[in-house]
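Trainee: I should like to work through this structure with you, one point at a time. May we begin once it is on display?

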Amino acid sequence: MSRRVIYIVLDGLSDLVAREHMGYLLALTEANIATHYTISCELPGISRPLYECLLTGATPVESGVLHNQVVRLSKQTSLFDLARSQGKTTAAAAYHWVSELYNNAPYDPVRDRITCAPELPIQYGMFYHKDHYPDDHLFLDAEYLRRTYDPDLLLIHPMNIDDAGHKFAFDSKQYRNQARMTDGILSNWLPSWLEQGYQIVITADHGMNNDFSHGGILPEERQVPLFVMGEVFSHDKFASPKQTQLCGLVADILKLPHDKPNCRTMLKDVP
Ligand SMILES: [Zn+2]
């Protein structure tokens, strides 16, 4: 059984939209291939603080990454650090703030957009810096990284759902349709990744509200989906994972020793 992980963060995807409109992911759930959970994002529910949460297990209050303008390297131990220290290969197709948190801050597109740096925490990266960078291009970037470098940990982080929410609000056909579009892109890639034995975790940093923003505790902005698929998972419907536990969950799948919060009832074999 492969322990390689593809960790997908669909930026700005509210659970309310995921569980009603993403027909492919819901089909996997109905077929008992995927298990869906609803989780509450940490606060404030904004992007850079929650990238840090998803990738280090630290809440924004703990990490000090409290708003999007904090441009510095993370002070936490990240999933990428854990994987690198154990000789694993890491890659990311992600927004440039991820490069700023773990590789180089501030982001210099000439240096960082295409990253091939085995000495850095994210060894192989394709980073983008426009919120409308097309999700289908981003998944192609990720597939290039996967085929070229065979990473043990591959982060995929598209932005178009969040972008649609900021332009048209939560309760809009454009936001829902972008979620449907991204669901369709997933249906293009997941079958072959599942066939090759990847363990797949799909979640979001935060949701979206009707004020074209996010950050607080309304259900549509705070509740985010978590879909897991792969042989390592227990698919225990009564598990209640927290956003701070997803870093530890991925580390456990990769068999990386760590002291992160974890949710081991989600796994069949506890490390
Ligand atoms: Zn946003």
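**Helices and the zinc site**

Mentor: In this predicted model, α12 is followed by Lys-255, which has a positive phi near 60°.

Trainee: How many of the residues of α12 are buried?

Mentor: Helix α12 covers residues 246–253 and is mostly covered. Its buried residues include Leu-246, Gly-248 and Ile-253. The number buried is 8 of 8.

Trainee: What distance separates the end C-alpha atoms of helix α8?

Mentor: Helix α8 has 15 residues, 135–149. At 1.5 Å a residue they should span 21 Å, and the model agrees with this, because the end C-alpha atoms are apart by 21 Å.

Trainee: Which residue just after α8 takes a positive phi?

Mentor: The buried residues of α8, among them Leu-138, Phe-139 and Leu-145, pack against elements including β1, β3 and α10. Just after this helix, a positive phi of about 45° is taken by Asp-150.

Trainee: What is the geometry of the site of the zinc ion?

Mentor: The zinc ion is coordinated at 2.1 to 2.4 Å by two OD atoms of Asp-162 and by NE2 of His-166 and of His-214. A tetrahedral site would need all angles between 85 and 135 degrees. The angles among the 4 donor atoms run from 55 to 152°, and the site is irregular.

Trainee: How many residues apart in sequence are the parts tied together by Asp-162 and His-214?

Mentor: The donors follow the spacing D-x3-H-x47-H along the chain. Asp-162 lies in helix α9 and His-214 in the loop between β7 and α11, so the pair ties together parts whose separation in sequence is 52 residues.

Conventions
Residues numbered from 1 in each chain as written. Predicted model: local features only at pLDDT ≥ 70, side-chain atom pairs only at ≥ 80, totals over all residues. Heavy atoms only, no water. Helix = DSSP H or I, 4+ residues; strand = E, 2+ residues; numbered from the N terminus. Expected span 1.5 Å × (residues − 1). Buried < 20%, exposed > 50% of the residue type's maximum accessible area, 1.4 Å probe, protein only. Contact = heavy atoms within 4.5 Å. Donors = N, O, S within 2.8 Å, 3.2 Å for Na, K, Ca; no water. Tetrahedral: all angles 85-135°; square planar, octahedral: opposite > 155°, others 65-115°.
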